[in-house]
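Hello,

Here is the structure I promised to pass on to you. Please have it open while you read the notes underneath.

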Amino acid sequence: MSEPIHLLPDETFVLNVGPQHPATHGVLRIKMRMHGEYVAEAETVLGYIHRMHEKMGELKTYPQFLMNLSRMDYLGALAYCHGHVLVVEKASGIQVPERAEYIRVITVELNRIASHLFGVGSFVMDLGGFSPLMYMLQDREYILDMLEAVTGARLTYCYYRFGGLYNDIDDTFIARARAFIPRCRESLKKYHRLITENIIFRKRLEGNVYLSSEMCRKYGATGGVARASGINFDVRKNEPYSVYPEFNFEVPVFTEGDSMARYKVKMAEIEQSLRIIEQGLDKLPDGPIMPEKAPKIIKPPAGDYYQAVETSKGSFGIRLVSDGSKNPYRLKLRSPSYSNVSLFDEACVGSMIMDAMAFFGSLDLVVPEIDR
Amino acid sequence: MIRTNVLSAMRALFPEAPEAPPVVEAPPPVPEQDAAAAKKAEKSAKPAPRVNGVVERDYAVHGYHIDTQVAPEQLLEAVNILDQQQFFLETITGVDWIADQQLEAIYDFSHFGFEPCRVVIRTRVPRDNPQLPTISGIYAGANWHERETHEFFGIVFEGHPYLVPLLLPEDADFHPLLKDFKA
């Protein structure tokens, strides 16, 4: 992968990447001690967009906090909202109608595709290929228009309610979602021709910063990062929640552990999400989208509760400590990118600066989600 | 399988404790008090601090299987058990139980296998002298989680290699998630 460092002169300098840098996708800073072109030491500096969602969680009532979740990972926000409503419903024993749960899954998967498209597109853009992002934004735009029609927002959704949904989907949405599936499959072929088979792209990424499965475990890395290192872990399969057990889909796993594998996992997951949406639209039951007796005031009994969901970045967890009042006593948000990026400092040592930045892009980070 | 392994290993940490009932869902019995005090206790918020030990929880209600409360000295031992069973650290949650003058650190563990098994290790320290051993020697990922818990709650993780604020400004000398924090 790289020349041994000991051949270089024994002199280092400090390189500051960010906090305002296009490759960091937001405000995040990396202090690097460089040995010529090689990274000798790295320290990720966080907190530039820290807003203390966890304190807001304690100060707001449960329904008031609904909109905070979509301000974390603004690319794949619905999965985060899903985790929040699931943990509160579990704690207060609210039954969700089946139709609502199906619509949640369909919209979460659409949102996951949108997130992956943007993640892959901006990753390729980091490496110098601008056009794939533009193609991918077309498909993403289609999804965002669709979601905007039912949720009322393009990125910062507040669509789920405790017990169900804010708005039912209509025939237009179903028709557009059905039309999207073959369209996206067509474009996937195009992307594979354009990116996956591109020799420059492959030579750049194959063998780029290897992550072992043991390292992923020690740092708690989940999602695509772990699945590219041979860990077959997807919360939707390993710890099924919602109506995911009723769907037939696979979890793509690659064992190479390099940036190419992290890219391939994302592309393969888009196809699996399409399968879930297809089945969801076929099986979509009729019925209400809110339970008849949804409580107006949410007061979960005292105790603590945990819920993990699979977002586009990895395993997102919410730990809710309730004291029986209408505000959470403590609401911990376990964001997957926080754990995924924590291994960057150790993993990038010894690689060249541009390899390190390519690796950084392959982690698919959204900074507001790390900083919360 | 993994669940019973962890359960028996965790129970071995508490040799003197009697065999715990399989699922304890009812809150611990409140001793007879006058009505006002009982009401106040109810208002002041909390499941009363329980004794150290292992409790199996109903996964459908709580979202985790094994709930272990240990003394701070037992923390490393308990975490080592999970490390040997190939668990990974999800997160560390601090909780300020101001009514008991205690801080709680909750360690969430899960693993990559197909038998869902979530394990919680919790430990409590006095609020005026919160000190816990670091587990970043076992789980490298705990480094950041401990830094976060340190800046938000003031819990000092002894032996931590770099205990400076992570998300807050580098000169922050306040702990915003404490219940008596006023901005």
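Below are my notes, taken region by region.

One caution before the details: this is a predicted model.

**The sheet in chain A**

Let me begin with an open sheet of three strands in chain A, which are arranged in the order β8-β9-β10 and pair in antiparallel fashion. Its edges are formed by β8 (303-310) and β10 (330-334) of chain A, each of which has a pairing partner on one side only. On average, the turn between neighbouring strands of this sheet is 10°, direction ignored.

If you zoom in on β8(A) and β9 (residues 315-322) of chain A, you will find eight bridges joining these antiparallel strands. As a landmark for that pairing, Ala308(A) sits opposite Gly317(A) of β9(A). A helix also belongs in this view: α2 (residues 77-92) of chain A lies across β8 and β9 of chain A, and its direction makes an angle of about 150° with β8(A).

**Two helices packed together**

Next, have a look at α3 and α4 in chain A. The axes of α3(A) and α4 (residues 131-151) of chain A come within 9 Å, with a crossing angle of roughly 160°. An angle over 145 degrees counts as roughly antiparallel, and α3(A) and α4(A) are therefore roughly antiparallel to each other. The crossing of these two helices, α3(A) and α4(A), is left-handed.

Which residues in α3(A) and α4(A) meet? On the α3(A) side they include Leu110(A), Ile113(A), Leu117(A), Phe118(A) and Met125(A), while the α4(A) side includes Leu133(A), Met136(A), Ile143(A) and Leu147(A). Taken together, the residues of the contact of α3(A) with α4(A) comprise 15 nonpolar, four polar and two charged.

**A buried arginine**

Please also take a look at Arg112(A), which is part of helix α3 (residues 98-126) of chain A. Is Arg112(A) buried or exposed? With a relative accessibility of 3%, Arg112(A) counts as buried, because the cut-off for buried is under 20%. Leaving aside residues up to four places away in sequence, Arg112(A) touches Arg236(A), Tyr244(A), Ser273(A), Glu310(A), Thr311(A) and Ser312(A). Of these contacts, Glu310(A) brings us back to the sheet, as β8(A) spans 303-310.

**Two residues with positive phi**

There are two backbone angles for you to inspect, one in each of chains A and B. Met52(A) has a phi near 60°, which is a positive value in a residue other than glycine. This methionine, Met52(A), is placed in the loop between β5 (38-45) and α1 (53-59) of chain A. Its relative accessible area is 11%, and Met52(A) is buried.

In chain B, the residue to inspect is Gln101(B), whose phi is positive at about 55° although it is not a glycine. You will find Gln101(B) in the loop between β3 (87-97) and β4 (102-111) of chain B. Gln101(B) is partly exposed, its relative accessible area being 46%.

**Chain B as a whole**

Finally, a summary of chain B. Its secondary structure consists of five helices and seven strands, and the pattern along the sequence reads α-α-β-α-β-α-β-β-β-β-α-β. Of the 183 residues in chain B, 50% are buried. Among the contacts in chain B with a separation of 6 or more, 59% are between residues 24 or more positions apart.

Do write back with any thoughts once you have had a look.

Best wishes

Definitions and conventions
Residues numbered from 1 in each chain as written. Chains lettered and ligands numbered in written order. Predicted model: local features only at pLDDT ≥ 70, side-chain atom pairs only at ≥ 80, totals over all residues. Heavy atoms only, no water. Pairing = 2+ DSSP bridges. Helix = DSSP H or I, 4+ residues; strand = E, 2+ residues; numbered from the N terminus. Axes fitted to C-alpha atoms, helices over the stretch in contact; angles between N-to-C directions. Contact = heavy atoms within 4.5 Å. Buried < 20%, exposed > 50% of the residue type's maximum accessible area, 1.4 Å probe, protein only. Parallel < 35°, antiparallel > 145°, perpendicular 65-115°, else oblique. Left-handed = near helix turned anticlockwise from the far one by under 90°. Nonpolar A, V, L, I, M, F, W, Y, C, P; charged D, E, K, R; others polar.
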